[in-house]
Amino acid sequence: MGMMNSTETVLDEKAVIAAAENALSDIAAIRAEVAKVIFGQEKVVENTLLAVLSGGHALLVGVPGLAKTKLVATLGAVLGLGSNRIQFTPDLMPSDILGSEVMDTDDTGRRSFRFVKGPVFAQLLMADEINRASPRTQSALLQSMQEYHITVAGQRYDLPAPFHVLATQNPLEQEGTYPLPEAQLDRFLLQVDVLYPELAAERQILLETTGLSEAKPRGIIDAARLQEIQMLVRQMPVSDKVVDAILSLVRSARPGHGNATTDKNVAWGPGPRAGQSLMLTARARALYEGRLAPSLDDIYALAEPVLEHRMALTFAARAEGMSVRDVIAGLVKQARG
C-alpha cells in the first residue's frame, strides 16, 4: 500500500511538470500577444498578469494616460475573458455596480420583481479611478472581490468564475477623492505602479498608435484554460528555503519584530495575507519566466508590489522624505545579505 502511494506521488509530480511545461508555452504566447499592443512597461504587464494567473485582483496606480485602461482591455481579449468597465465617480451608487431589482408587470397585471445584473457580473472587471467613488460604493465592489458573490434584497447571486478586478487609482488628484482604507487595500493581491514609459517605448507608441490602423490583440487562451493554470500555480512546489525567505521578509517589515530600521520608520506592517500573496505570486512568476519552481529572486522581485500597499511609514519618516518603496528596497537588500 505504501508503495502505491509513493508511485502516485511520483506520477502526480510528473503530471504537474507536464502541465507546467504546457502552461509555459501558453504564458509565452500571452506575453508575446500583449507586447504587440502595449509597448514597453514589461514590469507592469508582468505584475498585472501575475495577479490574474495567481487568481487575485490588482490595483494599478499611476497618472492618467499611461495605458492602464488599454492594458486591462488587452488582457481581457488575450485571456478570453468577458470584461466590463466601470468609471467610478462621486455620485456612483452601489446598485450601479451590483445591479438592482426592477418591477415587471405581466399580461394579467401581476407584478413581480426581476433582478437586472450590474457590470460587476464580468470575468474581468476594470474599476477605473476607484478612489473617486464614495466609501459605500467602494465597499460594494470590495465585498464582491472578497466573497465572489453579492446579495441584493436578501438574494444571493454568484459572480462568474474566474472573477478578477483590475482597479486603477490616480495618485495625483486628492481633492474629491476617497482614498481606499488600509483594510480594503489589503484585498488587492498586488499594487502595480505604472510609471512613464522609457524613451524607446514612447517612440514606438508615437509611431504605431497615431496611424490609420492599430494592432488588435487576439485571444490566446480562454477562461477554462486560465482556471487550469491558476490551479497549477497552487500545486507548484515551494522549497523550505523560499518559505523561510517569505516569512523572514514579511516579518522584518513589521515594527516590534527586531528590525531596527523598520522600528524607526514603519508605523504598521503587513499581515499574513502578504505572505500568502508572496507564496502565490512567486510560483506564478517562476512560470512566467519559464521555470518550474520559485526562487529567492522571485520573492525579492515581488517584495515591492506585495508589500507596498500593506504598510505605512511613521510621520517622522515621511517628514524626512522617505517612501515605503525605499524601506522595502532596504529590507530586500538586508535579506540578500
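**Salt bridges in the predicted model**

In this predicted model, the count of salt bridges comes to 19. Three of the pairs and one network are described below.

Arg 225 and Asp 26 form a salt bridge through their side chains, with an N to O distance of 2.5 Å. Arg 225 belongs to helix H8 (residues 223–235) and Asp 26 to helix H1 (residues 2–35), so the contact ties together parts that lie 199 residues apart in sequence. Arg 225 has a relative accessible area of 19% and is buried. Asp 26 also has a relative accessibility of 19%. Asp 26 therefore counts as buried, because the cut-off is under 20%.

A salt bridge also joins the side chains of Asp 186 and Arg 310, again at 2.5 Å from N to O. Both residues sit in loops. Asp 186 lies between helix H6 (182–185) and strand E9 (190–193). Arg 310 lies between helix H12 (296–307) and strand E11 (312–313). The pair therefore ties together parts 124 residues apart in sequence. Arg 310 is buried, at 3% relative accessibility.

The side chains of Arg 336 and Asp 297 meet in a salt bridge at 3.2 Å, N to O. Arg 336 is in helix H14 (residues 324–336) and Asp 297 is in helix H12. The pair links distant parts of the chain, 39 residues apart. Asp 297 is partly exposed, with a relative accessible area of 46%.

Salt bridges with shared partners also build one network. Its members are Glu 46, Arg 285, Glu 289, Arg 291 and Asp 298.

Key. Residues are numbered from 1 along each chain as its sequence is written. This is a predicted model: local features need pLDDT of at least 70, side-chain atom pairs count only at pLDDT 80 or more; totals for chains, interfaces and linings use all residues. Side-chain values use heavy atoms; hydrogens and water are left out. A salt bridge is a side-chain nitrogen of Lys or Arg within 4 Å of a carboxyl oxygen of Asp or Glu. Helices (H or I, at least four residues) and strands (E, at least two) are DSSP runs, numbered from the N terminus. Buried means under 20% relative accessible area, exposed over 50%, partly exposed in between (1.4 Å probe, protein chains only).
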